[in-house]
Amino acid sequence: MKIIGDFHIHSKYSRATSPSMDLQNLDNWARIKGINVLGTGDFTHPKWFDSIKQELGPAEQGLFKLCGSDSPTRFILTSEISCIYKKADPASAKGYGEAKKVRKVHIVIFAPTIKAVEKINKKLNEIGNLYSDGRPILGLDAKELAKIVLDADENCLVVPAHIWTPWFAVFGSKSGFNSLEECFDEYAKYIYAVETGLSSDPAMNWRLSQLDKITLISNSDAHSPQKIGREANVFDTEFSYYGILDAIKSKNPKKFLYTIEFFPEEGKYHYDGHRLCNLSLSPEQSKKYNNICPRCAKPLVIGVLNRVAELADRPEGFVPKNAIPFKNLIPLNEVIAESVGVSVASKEVAKHYNNLIKNLGSEFEILLNTEKKEIEKQSLPEIAEGILRVRQGKVFVESGYDGVYGKIKIFEAKEILNKKNFSSQKTLL
């Protein structure tokens with residue numbers, strides 16, 4: 001069965017999240033977006049876990065649905081943990097005893113049953129305060145977290161989150177490691193997948209041979225319902241927890257069809273830079289300045305593109321055997337806003353968005369499959385042209401850096417101002 005899954009999201013109990021991140025709203029937006037299986041997120045938070053147990057009931061094996069609802073949306077039990085701890089740096093420890101540095105690693109965990117979650121939460125509650133945040137901060141080695149999770153149920157899945165983010169990731173430039181083995185030690189063999197994050201795409205990760213046997217998954221890390229599905233995974237497998245688990249673990253391209261990706265330049269940490277200095281630099285420019293900000297003389301925040309190049313053992317463009325393909329997309333409301341030259345929050349965008357969803361189906365169906373002429377009938381020629389250009393990758397991107405999202409453009413300003421007849425052109429680029 002064709003499945004679109006977004007597994008890493010957050011609830012209203014996480015910091016900096018929308019109060020509308022509840023199960024009813026998530027179910028509704030999953031249908032709008034075209035997501036079949038959505039992560040619950042935050043199952044470690046006691047109040048959110050109570051909501052999960054009260055509002056969701058069993059569906060297909062290992063999946064859940066809203067009680068008393070005929071919604072097709074299914075939920076899968078997931079949560080993210082922030083592990084902050086000290087661990088020896090293998091490079092600096094040689095000959096100098098156990099030199100240690102602070103590590104900050106975010107990890108997404110999947111569980112097949114409520115019972116497994118209860119076991120995990122019981123152990124984690126002995127280590128830290130699970131009420132403090134939907135994504136709890138625990139003084140726990142990533143390896144020890146993996147042990148706790150897999151001891152609860154061998155069918156749980158441990159996935160390092162947004163693996164290249166500078167501050168909170170397994171390969172992050174500020175507090176990460178150079179390999180999964182350095183982070184997880186003997187438990188590295190149980191890491192079957194990693195999350196690429198918004199600032200990298202699979203092509204960047206293919207440059208590391210150490211990831212050849214690891215499945216690359218992509219999720220939204222959404223903090224509001226409208227953001228779910230900005231990255232996702234597309235499967236053709238049994239509609240169950242175990243079907244999805246097998247597709248991920250086996251890295252079978254017949255079962256795991258492709259991932260849906262941000263254009264990585266749009267991510268908040270693609271380039272190097274300094275937000276306070278309003279400075280964005282490519283890796284080549286950073287090297288010229290010895291990774292020191294030329295404006296304030298402090299170390300630059302080294303972004304994902306630079307860090308990937310540091311650990312890569314292959315050239316750009318390398319594609320491993322059996323690599324899972326991917327498609328870059330831009331959320332539909334952003335395409336509409338860009339196409340008609342207004343802000344995403346405008347009423348005009350909402351009007352076109354709602355009309356397209358009502359008449360053509362889910363957002364993913366429109367972005368991925370609907371023919372241009374059908375989109376034109378329900379909106380405007382320029383919106384149809386915008387969607388087509390995104391499918392073809394014909395966009396202009398200004399890279400994000402140091403926590404600042406990148407800026408993406410589909411059209412040149414004069415194209416919108418001149419109101420050209422987009423319907424009469426196959427492409428303008």
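This is a walk through two helix contacts and the empty spaces of a predicted model.

Let us begin with a pair of helices, α2 and α4. Helix α2 covers residues 46-55 and helix α4 covers residues 114-125; the two pack at an angle of about 165°, with their axes 12 Å apart. Angles over 145 degrees count as roughly antiparallel, and α2 and α4 are therefore roughly antiparallel to each other. Their crossing is left-handed. If you would like to find the contact in the structure, look on α2 for Phe49, Ile52 and Lys53, and on α4 for Ile114, Val117, Glu118 and Asn121. By class, the residues of this contact between α2 and α4 are four nonpolar, one polar and two charged.

Now move along the chain to another pair, α11 and α15. Here helix α11 (residues 332-340) and helix α15 (residues 381-392) have axes that come within 9 Å and cross at roughly 125°. Because that angle falls outside the ranges for roughly parallel, roughly perpendicular and roughly antiparallel, α11 and α15 are oblique to each other. This time the crossing is right-handed. On the α11 side, Leu332, Val335, Ile336, Ser339 and Val340 take part, and they meet Glu382, Ile383, Gly386, Ile387 and Val390 of α15. The contact of α11 with α15 is made up of seven nonpolar residues, two polar ones and one charged one.

With the helices in view, we can turn to the spaces that the atoms leave empty. Rolling a probe the size of a water molecule over the atoms shows where such space remains. How many cavities of 30 Å³ or more does the count give? The count comes to two.

The largest cavity holds about 100 Å³ of space. It is lined by 15 residues, and the closest to its centre are Trp206, Ile214, Leu216, Lys251 and Ile324. Two elements, α7 (202-205) and β10 (215-217), each give two or more residues to this lining. Sorted by class, the lining of the largest cavity has 10 nonpolar, three polar and two charged residues.

The second largest cavity has a volume of about 80 Å³. Its lining brings together Lys33, Ile228, Gly229, Arg230, Ile260, Leu329, Ile330, Pro331, Glu363, Phe364 and Leu367. Which helix gives the largest share of this lining of the second largest cavity? The answer is α13 (residues 363-368), with three residues. Seven residues of the lining of the second largest cavity are nonpolar, one is polar and three are charged.

Next come the pockets, which are open sets of points rather than ones the probe cannot leave. About 520 Å³ of space lies in the largest pocket. A total of 22 residues line it, and those closest to its centre are His162, Thr165, Asp221, Lys268 and Tyr269. The lining of this largest pocket divides into seven nonpolar, nine polar and six charged residues.

Our last stop is the second largest pocket, with a volume of about 410 Å³. Among its 19 lining residues, Arg207, Pro283, Leu305, Ala309 and Glu316 lie nearest the centre. Helices α7, α9 (283-288) and α10 (304-311) each supply at least two residues of this lining. Of the elements, α10 gives the most to the second largest pocket, with four residues. You may remember α7 from the largest cavity, where it also gives two or more residues to the lining. By class, the lining of the second largest pocket has nine nonpolar, four polar and six charged residues.

How values were computed: Residues numbered from 1 in each chain as written. Predicted model: local features only at pLDDT ≥ 70, side-chain atom pairs only at ≥ 80, totals over all residues. Heavy atoms only, no water. Axes fitted to C-alpha atoms, helices over the stretch in contact; angles between N-to-C directions. Parallel < 35°, antiparallel > 145°, perpendicular 65-115°, else oblique. Left-handed = near helix turned anticlockwise from the far one by under 90°. Contact = heavy atoms within 4.5 Å. Nonpolar A, V, L, I, M, F, W, Y, C, P; charged D, E, K, R; others polar. 1 Å grid on protein atoms, 1.4 Å probe; cavity = no way out; pocket = protein on both sides within 12 Å on 5 of 7 lines; lining within 4 Å. Points joined across faces, edges and corners; volume = space filled by probe spheres on them.
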